Amino acid sequence: TIAGIGTFAANGTGAENYFGYSVIVYINDDDELVAIAPKNNENDTLEITFDKFEKCETTNKKNYVLFEYYEDLNDEEPTTAKYSDELVYYVNGVEKNSYTIDIDKDGFIRYLDNDGDNIYDFAFVEEVTDEYVVKAINEKSYKITGKKGSVTLDPEDEDQYITFIKNGEVVDFETIAEDDVLSIVELYKGNVKKVYISSETVMGRVTSTTNNKYKIGNNKYHKSKNCSEIAKGDEGIFYLNYNGKIAYKEAQKVSGGNYAFVLD
């Protein structure tokens, strides 16, 4: 539905990706939607993972709320932005009047400013429902056997719509490889699934565990909720999910000396 114009079938235009946006639409003489695009200079988005709200504050102002977040976990000071005091939340596709961020959960909020006033009008929340680190793949049955548990992700299943996403691009099931981290978001009460694929890993030793942040090399990481405990001194390979959290570790605690880890 396009405000002030009417309701149309998406017709493969990707209109479903512009919910809440100010758009330009093209409609033919048969009242069919032909194309859709966001208006220039009127739509701005800001995507923030839950963990980057750690120890951040909000301040109520007239017509908007000033909020803080960290652009990077290595930052010492937070960044500020504004959202409307009438902000509408959509949590995994379901509309809500309010939302409380739980930094222990995995997911993100995508804020949308659709009128160019630098105040965000919508907040689209995606909470990760399940997460798997791939151990084996059955391409015939679409069954993924994880290092912990298993799941079937059949793109031909008519009862649900599944999208596979890697590095921000839509990809095929065949893109999934052994040792990938799959973060699954169930939308619209499970009728739609987004599967975020990450092949990122980091190797090294955990040198500090301050404030639930794990320092490996020069960078700090949070761990996802399903990951086993990580301790100072753990050394090996750490698998990162699409939000850069540690989803799984193949590491052991060491106290010093020289070590080698066989990876393949």
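Strands (E, at least two residues), like helices (H or I, at least four), are taken here as DSSP runs and numbered from the N terminus. The model is predicted, so that local features need pLDDT of at least 70 and side-chain atom pairs count only at pLDDT 80 or more, while totals for chains, interfaces and linings use all residues. Residues are numbered from 1 along each chain as its sequence is written, and side-chain values use heavy atoms, without hydrogens and water.

A pocket is an open set of points on a 1 Å grid over the protein atoms alone, where a 1.4 Å probe fits and protein lies on both sides within 12 Å along at least five of seven lines; its lining residues have an atom within 4 Å of a point.

| Pocket | Volume | Lining |
|---|---|---|
| Largest | about 1400 Å³ | 45 residues |
| Second largest | about 370 Å³ | 14 residues |

Phe108, Arg110, Glu126, Lys194 and Tyr196 lie nearest the centre of the largest pocket. Among the elements that give two or more residues to its lining are strand S8 (107-113), strand S9 (120-127) and strand S16 (192-198), and S16 gives the most, with five residues. In the second largest pocket, Thr1, Ile2, Ala15, Tyr18 and Phe19 lie nearest the centre.

S16 also belongs to an open sheet of seven strands, in the order S12-S11-S10-S15-S16-S13-S14 with mixed pairing, where two strands pair if DSSP finds at least two bridges between them. The edge strands, S12 (150-152) and S14, each pair on one side only. Six bridges join S13 to S16, and these two strands run parallel; Ile162 stands opposite Lys193 in S16.

Conventions. Grid points are joined across faces, edges and corners, and a volume is the space filled by probe spheres set on the points.
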